[in-house]
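Open the model in a viewer and keep the sequence panel beside it. The tour below goes from one selection to the next.

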Amino acid sequence: MPGWQIALIMMIAYLVIALIVGIMAGRGRDGSSLDEFAVADGKLSLFVMWFLMGGSVFSAFSFLGAPGWAYSKGAPALYIIAYTAFAILPWYIIGPKIRKIGKRFRFFTISAFLKGRYKSPLLAIIVGLIALFASVQYLATQMSGMAIIFDIMTEGRIPFWLGALISYGIVVVYVATGGLRAAAWSDVFQGLLMIIVSWAVGLAIVYQLHGGTTEMFANIARETPEFLQIGKEGSNMGKVAYTTTILVSCIGFLMWPHLFSKSYASNPKTIKKTVLAYPVFALFLVPLLLVGFASIGVVDSGQLTNVDQVLPFLITTVMNLPGWLYGLVGAGALAASMSTADAITHSASLEFTDGVIKNIWKNLSDKTTLFIMRAGVFVIGALAYYITVFGGQGLVALLLGAYGSIVQFAPGVYSALYWRRATAPGVVTGLAVGTYVNYYYQLVAESTPFGIHAGIMGLMANIVFMVTVSLITKPQAKHDVEKYVDAA
Amino acid sequence: MSKRTFNTLYIVIGIIPFLMLIFPGFELGNRATPIIMGLPFSFFWVLLWIVITFIALITLYRLDPEKDEEEDV
């Protein structure tokens with residue numbers, strides 16, 4: 001049997017298992033409960049929570065983009081490991097506090113959280129819309145990841161539109177059925193798979209091609225040492241750009257609605273332990289970077305249409321590995337994409353319902369809200385699918401682009417928790433200006449001053465406007481402030 | 001230890017290693033050689049600080065005055 005057939009069978013087997021796990025997870029739970037659908041009743045355990053948070057960050061970007069970065073840029077790829085390990089740390093302090101506030105007022109989303117403090121429906125609508133757009137963009141990267149995998153592993157036999165449709169279709173089905181709990185249990189299965197695959201395959205490739213990492217890196221270090229450094233003559237990224245990229249990723253991480261809202265899904269003790277166990281996930285990324293470095297001098301970059309294809313290309317075309325290995329890598333990469341896509345699809349639907357729909361049509365019953373959230377999963381799925389199939393871009397650029405606008409929530413969120421004097425006009429102005437500045441530097445301007453990341457430019461403008469406008473507007477009612485800032 | 005002291009300590013312990021991974025702190029580790037444990041020095045440096053942070057925070061967790069708090073709402 002040719003390699004691609006074995007790969008195709010294994011990937012389909014994986015998809016079937018993923019569907020079964022997802023659907024089974026939601027069984028025996030109250031299917032008509034809004035709390036169950038949105039935050040799994042706030043009762044996820046450490047084991048599941050760790051995979052849910054980890055699976056969400058271990059995405060198509062990690063599986064395809066990380067080797068691509070290591071291969072094409074070298075040392076700058078280290079930013080991925082650095083931010084994965086550190087971005088979660090603030091959750092130890094703010095997670096339990098958000099949880100307490102959320103539990104008291106029955107929140108499921110970041111838009112409801114901000115509205116609760118600032119009493120501004122406008123703010124909730126803006127946040128809901130930004131969350132929706134950023135999520136659709138993020139989903140598009142996951143879906144093109146899934147489609148690329150199908151395409152390359154079957155040597156072009158599964159067209160792009162079909163690969164994306166099958167794998168993401170499964171995600172939509174189990175998320176709409178089982179809500180957060182389905183996403184969480186799928187992530188356990190998918191997380192285990194991708195960890196095993198990345199270590200086994202990653203190390204096998206390095207040893208087969210170079211006989212070990214020492215030999216491999218010694219060669220690179222002798223010929224092009226600047227490739228393993230940052231900000232040197234001939235390096236691929238400057239110091240300011242590297243530093244601000246890490247900063248923006250770290251600050252933005254917990255502002256992602258699908259991660260922020262997990263504060264509501266577990267008790268404080270579980271949140272803290274998840275944070276402590278999390279850096280292990282950063283270490284799982286190491287072999288994927290090694291694969292990228294191993295491809296240097298082996299894969300001719302002229303043969304790739306996009307550097308993100310370096311890992312699958314290496315396996316199928318350059319090394320001619322056995323078919324079951326294709327299948328394993330294919331399944332691992334699908335798992336990485338799907339475990340991110342499920343959490344994002346789920347939260348995008350929640351944010352849009354909570355932020356936009358509920359502020360336009362007030363007083364919706366729980367039953368209607370749940371129906372809208374379920375239906376939203378399909379609508380968002382269709383939207384993301386449309387964008388993926390009719391407008392493809394590079395994975396990394398797309399992810400960093402979406403990150404830029406999400407990070408603009410940070411000043412409002414931290415002020416909600418700690419700054420008594422923050423006001424709704426201040427936060428709204430800051431958010432609007434920050435988002436505008438970010439878009440300007442990301443999409444309009446040719447470059448940013450000193451190479452500072454566009455998101456950080458936006459953040460600086462955001463903070464200045466938020467603080468100034470807050471101070472010149474009327475302070476909030478003491479009562480509303482204390483419910484947040486003094487939540488023990 | 002009060003909650004406030006603990007939080008301050010947590011923030012300080014989290015930020016110091018982080019500063020080692022961004023510039024100017026990363027200047028110390030920004031070298032291709034020597035190759036340690038099969039990794040270029042810059043790569044090794046990043047992993048080293050992640051492991052240090054991991055160990056430090058697990059130790060710190062034992063001092064958290066609220067670590068056994070299940071739910072109080």
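Two residues are taken to be in contact if their C-beta atoms, placed from the backbone, lie within 7 Å. The model is a predicted one, and that cut-off applies at the first stop.

**Stop 1: helix α20 of chain A**

Select residues 410-418 of chain A, which form helix α20. The buried residues here are Ala410(A), Pro411(A), Gly412(A), Val413(A), Ser415(A) and Ala416(A). Show their surroundings: these buried residues pack against α7 (110-118), α11, α21 (424-444), α22 (454-472) and α23 (478-485) of chain A.

Now colour chain A by pLDDT. Among the elements of the chain, α20(A) has the highest mean value, 94, and helix α19 (residues 395-406) has the lowest, 58. Where pLDDT is low, the predicted coordinates should not be read in detail. Chain A as a whole has a mean pLDDT of 85, with 97% of its residues at 70 or more. For chain B the average is 86, and 93% of the residues score at least 70. The model has an ipTM of 0.92 and a pTM of 0.88.

**Stop 2: helix α5 of chain A**

Move to residues 78-86 of chain A, helix α5. How many of the nine residues of α5(A) are buried? The count is nine of nine, and the helix is mostly covered. The buried set runs from Leu78(A), Tyr79(A) and Ile80(A) through Ile81(A), Ala82(A) and Tyr83(A) to Thr84(A), Ala85(A) and Phe86(A).

Pick out Ile80(A), a residue of this helix. Ile80(A) counts as buried because 25 other C-beta atoms lie within 10 Å, and the cut-off for buried is 20 or more. Leaving aside residues up to four places away in sequence, Ile80(A) touches Ser62(A), Ala66(A), Trp69(A) and Leu285(A). Measure to Val286(A) as well: the two residues are 206 apart along the chain, and their C-alpha atoms are separated by 9.7 Å.

**Stop 3: α5 against α11**

Two packed helices are described by the angle between their axes and the distance between the axes. Add helix α11 of chain A, residues 239-253, to the selection. The axes of α5(A) and α11(A) come within 9 Å and cross at roughly 35 degrees, and the crossing is right-handed. On the α5(A) side the residues that meet the partner are Tyr79(A), Ala82(A), Tyr83(A) and Phe86(A). Those of α11(A) are Tyr242(A), Thr245(A), Ile246(A), Ser249(A) and Cys250(A). By class, this contact has seven nonpolar, two polar and no charged residues.

**Stop 4: the contact between the chains**

Display chain B next to chain A. Their contact takes 34 residues from chain A and 30 residues from chain B. Which elements give two or more residues to the side of chain A that touches chain B? They are α5, α6 (91-105), α10 (213-223), α11, α13 (268-277) and α14 (279-284) of chain A. That side of chain A has 22 nonpolar, six polar and six charged residues.

**Stop 5: chain B**

Select residues 7-26 and then 38-61 of chain B; the unreviewed UniProt entry annotates both as "transmembrane region". In the model, residues 7-26 are 75% helix and 0% strand, and the end C-alpha atoms lie 25 Å apart. Residues 38-61 are 88% helix and 0% strand, with 32 Å between the end C-alpha atoms.

Zoom in on Phe23(B) and Pro24(B), which are joined by a cis peptide bond with omega about 5 degrees. Pro24(B) sits in the loop between α1 (3-21) and α2 (41-61) of chain B.

**Stop 6: back to chain A, Thr340 and two loops**

Find Thr340(A) in helix α17 of chain A. Is Thr340(A) buried or exposed? Thr340(A) is buried, because 28 other C-beta atoms lie within 10 Å. Among residues more than four places away in sequence, Thr340(A) touches Gly55(A), Ser56(A), Ser59(A), Ala60(A) and Gln142(A).

Finish with two loop residues. Asn363(A), in the loop between α17 (323-360) and α18 (366-390) of chain A, has a positive phi of about 60 degrees although it is not a glycine. Asn363(A) is exposed, with 6 other C-beta atoms within 10 Å. Phe450(A) lies in the loop between α21 and α22 of chain A, and its phi is also positive, near 60 degrees. With 10 C-beta neighbours inside 10 Å, Phe450(A) counts as exposed.

Key: Residues numbered from 1 in each chain as written. Chains lettered and ligands numbered in written order. Predicted model: local features only at pLDDT ≥ 70, side-chain atom pairs only at ≥ 80, totals over all residues. UniProt positions renumbered as here; feature names shortened; annotations may be inferred. Helix = DSSP H or I, 4+ residues; strand = E, 2+ residues; numbered from the N terminus. Axes fitted to C-alpha atoms, helices over the stretch in contact; angles between N-to-C directions. Left-handed = near helix turned anticlockwise from the far one by under 90°. Nonpolar A, V, L, I, M, F, W, Y, C, P; charged D, E, K, R; others polar. pLDDT = per-residue confidence, 0-100. Buried ≥ 20, exposed ≤ 12 C-beta atoms within 10 Å, placed from the backbone.
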